[in-house]
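Let's take a walk through this chain together, from the way it divides into parts to a few details of its backbone. Have the viewer open as you read.

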Amino acid sequence: MDQKTDPLYQKDGDIYSHTTTLTSIAPLSSLPPTVQPLFKPPPNTSPYILTSPSTIFHTQGGGQPSDIGGITLASPTPSGSDPKFAVAQVRKVFPSGAILHLGTFEPPEIVLTEQEIGLEVRQDVDVPTRVLHSRLHTAGHVLGLAIHQLSRSGVLPADLKDGKASHYPGAAFVENIGLIPGEAKGAIQERVDELVAQDHTVNIHFWSAKEAEEKCISGMDGAAVAEGEEVRVVDIGGLGSYPCGGTHAGRLKELGRVVVRGIKR
Ligand SMILES: [Zn+2]
């Protein structure tokens, strides 16, 4: 459980099913007291933690919620009574880089045990949830880019800096350090609409820390630092790049209409 997990979703966000092996299985309650608080398990459940050498499940971080989905044995037994693990929360442990899948077995009495360690398991990400998260996350970048462009062209104050962001359904926002006047909402909406209508492609790059520092609009996101010194960067149509560890839409038309609902101080 201390081994680094290969986050496959960082290289290819379109893999929704993946076969790997089971590395460990343990009740959440048996984990070190420092690790258990990473999770908020649903009440009155007996959650387990599963790990594998690689995962397609996005871990919570960078403002994006974790994926949900299922993990099952890759070769089901004919009886049909194989354990079905419903993944509810996914978290990364620092500094090991181990990615932990928290979930419950359905039904709860048929569970994977240590005997199944080393067997092949199949991961299935819940696709509608992932697609929604990717679209919301990409919309956050588009909004950030729109504000950046308006700041450069003098419509918004020149000293605006990107702050943190949330891409949670029903609670999505981007924060800027500086003051955006309330009247600017229309101009921001217009710029966002233009960017989406232009249907820019969203590309992932792995850059050196130096290159990322020079070319990116905003600062480093801890989740973006991948293998070695490389930084994972998302680029919106060559117009703006951000260090980012999340999943994204492939092109901006996939977002549909992005509505700027309000500006708060
Ligand atoms: Zn991103």
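The report below starts with the domains, moves to their contact, and ends with local backbone features.

**Two domains and their contact**

This is a predicted model. Its chain is divided into domain 1, residues 6-125, and domain 2, residues 130-255. Between the C-alpha centres of these two domains the distance is 30 Å. Where they touch, domain 1 contributes 16 residues and domain 2 contributes 18 residues.

The size of an interface is often given as the accessible area lost when the parts come together. Here, domain 1 and domain 2 bury about 1400 Å² between them, and carbon and sulfur atoms give 46% of that area. On the domain 1 side, three residues stand out: Q10, Q64 and P65 supply 41% of the area that this domain buries against domain 2, more than any other three residues.

What kinds of polar pairing join the two domains? Nine residue pairs are in polar contact between domain 1 and domain 2, with both residues at pLDDT 80 or more. Sorted by class, the domain 1 side of the contact holds six nonpolar, eight polar and two charged residues. The count of salt bridges between the domains is one.

**A salt bridge across the chain**

Side chains of opposite charge can pair when their charged atoms come close. A search of the whole structure finds nine salt bridges. One pair links distant parts of the chain: R130 sits in helix α1 (residues 127-152), while D67 sits in the loop between β5 (54-55) and β6 (69-73), 63 residues away. The side chains of R130 and D67 meet at 2.7 Å, N to O.

**A hairpin in domain 2**

Now look at strands β10 (residues 161-168) and β11 (residues 171-177), which pair in the antiparallel sense over six bridges. K161 has I177 of β11 as its bridge partner. Two residues lie between the strands of this hairpin, and G170 takes a positive phi near 80° there.

**Backbone details in the loops**

Most residues other than glycine have a negative phi, and most peptide bonds are trans. With that in mind, which places are worth a closer look? The table collects two cis peptide bonds.

| Peptide bond | Omega | Place of the proline |
|---|---|---|
| F94 to P95, cis | near 5° | P95: loop between β7 (84-93) and β8 (98-105) |
| E106 to P107, cis | about 0° | P107: loop between β8 and β9 (120-125) |

N44 is another residue to check: its phi is near 60°, a positive value in a residue other than glycine. You will find N44 in the loop between β3 (24-27) and β4 (48-51).

Methods. Residues are numbered from 1 along each chain as its sequence is written. This is a predicted model: local features need pLDDT of at least 70, side-chain atom pairs count only at pLDDT 80 or more; totals for chains, interfaces and linings use all residues. Side-chain values use heavy atoms; hydrogens and water are left out. Domain bounds come from an automatic or database domain assignment. Contact means heavy atoms within 4.5 Å. Buried area is the accessible area (1.4 Å probe) that two parts lose on being put together, summed over both. A salt bridge is a side-chain nitrogen of Lys or Arg within 4 Å of a carboxyl oxygen of Asp or Glu. A polar contact is a pair of N or O atoms within 3.5 Å; within protein, one must be able to donate a hydrogen and the other to accept it, and residues adjacent in sequence count only if both atoms are side-chain atoms. Ala, Val, Leu, Ile, Met, Phe, Trp, Tyr, Cys and Pro count as nonpolar, Asp, Glu, Lys and Arg as charged, and the others, Gly among them, as polar. Two strands pair if DSSP finds at least two bridges between them. Helices (H or I, at least four residues) and strands (E, at least two) are DSSP runs, numbered from the N terminus.
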